Amino acid sequence: MKNKKQPIALVIGSSSGIGRATLTYLAEKNFLVIGISRNILEMQKIQDMLEKKGQACYYYSCDITDTNVLLSTFESIHKRFKKIDLFVFSAGIMPLSLLRDGKIEEWNNMINTNLTAFLHSINFVLPIFRKYNHGHFFSISSTASEKICNGAGVYAATKSAMNCIMKHLNFEEKDTQIKFTTISPGTVNTNLYKSISEIKFRNEAFQRERNEGIEPIDIAKIIFFLYQQTKNTVVSELKITPVNQGL
Ligand SMILES: NC(=O)c1ccc[n+]([C@@H]2O[C@H](COP(=O)([O-])OP(=O)(O)OC[C@H]3O[C@@H](n4cnc5c(N)ncnc54)[C@H](OP(=O)(O)O)[C@@H]3O)[C@@H](O)[C@H]2O)c1
């Protein structure tokens, strides 16, 4: 049963990597956590693990590129929980490829996951935050948005667009108490490389993530730290990279 004072966190992309680490870390910090992702088995494992420790976790299996399913998932969450205190959009894919190879289906899927679903999330979360004049909205962008990475033309564009939307959100909501933070990680040790179909790019990303990447928990801890800041303080943009990444 939900304790009325317990803060509620909704994490999209919660079955793996940064989203998973954030969901579990926030549960440890006494949040009631709600996760969204496609992998039910993984989410069930996470829920079992958290419930064994007495932590409250709910999850919704949803392909966020299916707009109707996403909207009905949001509706169910709203009916059940009403309020959200902390929101993290961490879902993302990075199917790297050269533009001349014209992987249109991968581009569309990437845009639908990284950008369109992100916009739908704003449309869901913002009215709830505005109703209570409270809430912290985190988006997980990437340092790829500001440099040239081989094969990352469309990926970087989705992250640049996310940054741009976050800046506008911040501006549009400046008369409210709602906080917006864009986190741009460098390389992180996650499963992101798995979304790459091009074998060369996939192997390179795998090596980079495993050999150089920071751990997702490092980002989770920073998200919690930022959430805890005083009412009048917000960090709106933050880069978190391995020490040797040179950014
Ligand atoms: N890893 C890095 O080096 C790095 C660096 C900079 C930025 N980022 C960004 O960090 C964010 C998190 O990625 P990660 O590194 O943690 O990768 P990850 O381990 O692959 O996690 C990605 C998450 O997104 C979810 N997701 C992907 N497509 C989805 C869909 N169609 N519907 C629902 N959920 C979906 C996945 O869940 P399911 O598969 O269960 O659906 C998973 O939980 C991404 O936006 C990524 O661009 C990562």
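Hello everyone. Let me begin with a definition: a residue is called buried if 20 or more other C-beta atoms lie within 10 Å of its own, exposed if 12 or fewer, and partly exposed in between. Please keep that in mind, and keep in mind too that what we are looking at is a predicted model.

Let's try the definition on Ile128, which sits in helix 4. Is Ile128 buried or exposed? There are 21 other C-beta atoms within 10 Å of Ile128, so this residue is buried. Setting aside residues up to four places away in sequence, Ile128 touches Lys83, Ile84 and Gly135. For a sense of scale, take Ile128 and Thr190: they are 62 residues apart in sequence, and their C-alpha atoms are 31 Å apart in space.

Staying in helix 4, we also find Phe118 there. Phe118 has 24 C-beta neighbours inside 10 Å, so it counts as buried. Its contacts, again not counting residues up to four places away in sequence, are with Phe89, Ser139 and Met162. Another pair to look at is Phe118 and Ile165, which are 47 residues apart along the chain, with 9.7 Å between their C-alpha atoms.

That brings us to how helices pack here. In general, two packed helices are described by the angle between their axes and the distance between the axes. We have two pairs to go through.

The first pair is helix 4, residues 104–132, and helix 5, residues 153–172. Their axes come within 9 Å and cross at roughly 10 degrees. Helix 4 and helix 5 are therefore roughly parallel to each other, and their crossing is right-handed. Which residues of helix 4 and helix 5 make the contact? From helix 4 we have Trp107, Met110, Ile111, Asn114, Leu115, Phe118 and Ile122. From helix 5 come Val154, Tyr155, Thr158, Ala161, Met162 and Leu169. You'll recognise Phe118 in that list, and Met162 as one of the residues Phe118 touches. Sorted by class, this contact has 11 nonpolar residues, 2 polar ones and no charged ones.

Now for the second pair: helix 1, residues 17–28, and helix 7, residues 216–227. Here the axes are 8 Å apart and the packing angle is about 50 degrees. Helix 1 and helix 7 are therefore oblique to each other. This crossing of helix 1 and helix 7 is right-handed. On the helix 1 side, the contact is made by Gly17, Ile18, Arg20, Ala21, Thr22, Tyr25 and Leu26. On the helix 7 side, it is made by Pro216, Ile217, Ile219, Ala220, Lys221, Ile223 and Phe224. By class, the contact of helix 1 with helix 7 has 10 nonpolar, 2 polar and 2 charged residues.

Let's move on to the nonpolar cores. Which members of the largest nonpolar core touch the most other members? They are Ala9, Leu10, Val33, Phe87 and Val88, out of 48 residues in that core. Helix 4 gives the most to this core, with 6 residues. Ala9 touches Leu26, Phe31, Val33, Asp85 and Leu86, leaving out residues up to four places away in sequence. Leu26 may sound familiar, as it is also part of the contact between helix 1 and helix 7. Apart from the largest core lies another one, of 13 residues, including Val154, Ala156, Leu192 and Phe201. And Val154 is one of the helix 5 residues in contact with helix 4.

From the cores, let's go to a strand. Ser61 is in strand 3, residues 57–61. With 16 other C-beta atoms within 10 Å, Ser61 is partly exposed. Beyond its neighbours within four places in sequence, Ser61 is in contact with Arg38, Ile40 and Met43. Ser61 and Phe89 are 28 residues apart in sequence and 15 Å apart in space, C-alpha to C-alpha.

Last, a look at the backbone. Most residues other than glycine have a negative phi. Lys82 is not a glycine, yet its phi is positive, at about 65 degrees. Where is Lys82 found? It is in the loop between helix 3 (67–81) and strand 4 (86–89). Lys82 has 12 other C-beta atoms within 10 Å, so it is exposed. Asn133 also has a positive phi, near 50 degrees. You can find Asn133 in the loop between helix 4 and strand 5 (136–140). Asn133 has 11 C-beta neighbours inside 10 Å, so it counts as exposed.

Thanks for listening!

Key. Residues are numbered from 1 along each chain as its sequence is written. This is a predicted model: local features need pLDDT of at least 70, side-chain atom pairs count only at pLDDT 80 or more; totals for chains, interfaces and linings use all residues. Axes are lines fitted to C-alpha atoms, for helices over the stretch in contact, and angles run from 0 to 180 degrees between N-to-C directions. Helices (H or I, at least four residues) and strands (E, at least two) are DSSP runs, numbered from the N terminus. Angles under 35 degrees count as roughly parallel, over 145 as roughly antiparallel, 65 to 115 as roughly perpendicular and the rest as oblique. A crossing is left-handed if the near helix is turned anticlockwise from the far one by less than a right angle, and right-handed if clockwise. Two residues are in contact if their C-beta atoms, placed from the backbone, lie within 7 Å. Ala, Val, Leu, Ile, Met, Phe, Trp, Tyr, Cys and Pro count as nonpolar, Asp, Glu, Lys and Arg as charged, and the others, Gly among them, as polar. A nonpolar core is a set of buried Ala, Val, Leu, Ile, Met, Phe, Trp, Tyr and Cys residues joined through C-beta atoms within 7 Å.
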